[in-house]
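Trainee: I have not seen this structure before. Please take me through it.

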Amino acid sequence: MKIKPGAPALLVSLALITLTGCGMNDSTGSSTPSGSADPAEAPLVGTSTSRDAADAVEKASSELYDLIGVKGKASESRSGVMECEGKDPATYFKVFHPWSFYPASADQLDEAMERLKSELPKHGWKVVRYEPDTSQAKNLVLTADNTGKKYGVSVVQMKKNDPPKLSLTVVSGCYRVPEGKEVDRF
């Protein structure tokens with residue numbers, strides 16, 4: 001699969017907006033992530049190694065694949081690690097997992113998006129955006145948060161792509177690395 005150099009960065013940025021700007025809350029019940037006064041701060045997930053957190057976000061992606069519910073194929077991609085804005089990069093990190101779904105037939109893209117829109121809320125996700133983007137292609141974008149798992153997902157329906165696909169990125173909240181461990185960046 002060929003990816004334009006700027007595409008992963010765009011997907012991660014879009015997913016970050018999902019996770020940090022849509023009101024995911026911690027147990028404090030405040031209206032901003034992590035109970036802070038800064039709405040751009042990502043919620044705290046807990047303590048984990050980078051590898052374990054990456055495995056967890058890839059499992060969440062696998063669950064999303066199952067929710068799509070139409071025949072197709074997922075791209076093979078690995079998760080990555082990034083810094084938590086405003087936090088010590090030696091101690092805190094987020095994980096992200098960008099991947100694509102290619103339906104068996106291009107006319108199944110609408111069905112896949114509709115299934116996600118209806119199935120996500122049944123599995124702990126809150127759909128916070130479902131509308132065309134501002135691009136010339138007017139790609140349909142679905143953005144959802146899972147406050148229990150402290151994940152966000154961005155799904156972009158790319159009908160005009162060759163081949164047509166859904167582009168998904170799952171992003172976690174901020175993890176803290178365990179005492180005596182280092183953040184493993186990959």
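Trainee: Which residue in strand 8 stands opposite histidine 97?
Mentor: This is a predicted model, in which local features need pLDDT of at least 70, side-chain atom pairs count only at pLDDT 80 or more, and totals for chains, interfaces and linings use all residues. Residues are numbered from 1 along each chain as its sequence is written, and side-chain values use heavy atoms, leaving out hydrogens and water. Strands (E, at least two residues) and helices (H or I, at least four) are DSSP runs, numbered from the N terminus. Opposite histidine 97, in strand 8, stands valine 170.

Trainee: How many bridges pair strand 4 with strand 8?
Mentor: Two strands pair if DSSP finds at least two bridges between them. Strand 4 and strand 8 run antiparallel, and the number of bridges is 6.

Trainee: How many residues of strand 4 are buried?
Mentor: Buried means under 20% relative accessible area, exposed over 50%, and partly exposed in between (1.4 Å probe, protein chains only). Both faces are covered, with Phe96 among the buried residues on one side and His97 among those on the other. Strand 4 is therefore largely enclosed by the rest of the structure, the count being 12 of the 12.

Trainee: Which residues of helix 2 are exposed?
Mentor: The buried residues of helix 2 include Ala53, Val57 and Leu64. They lie on the same side of helix 2 because their arc, taken from the directions from the helix axis to the C-beta atoms, is only 160°. On the other side, the exposed residues are Lys59 and Asp66.
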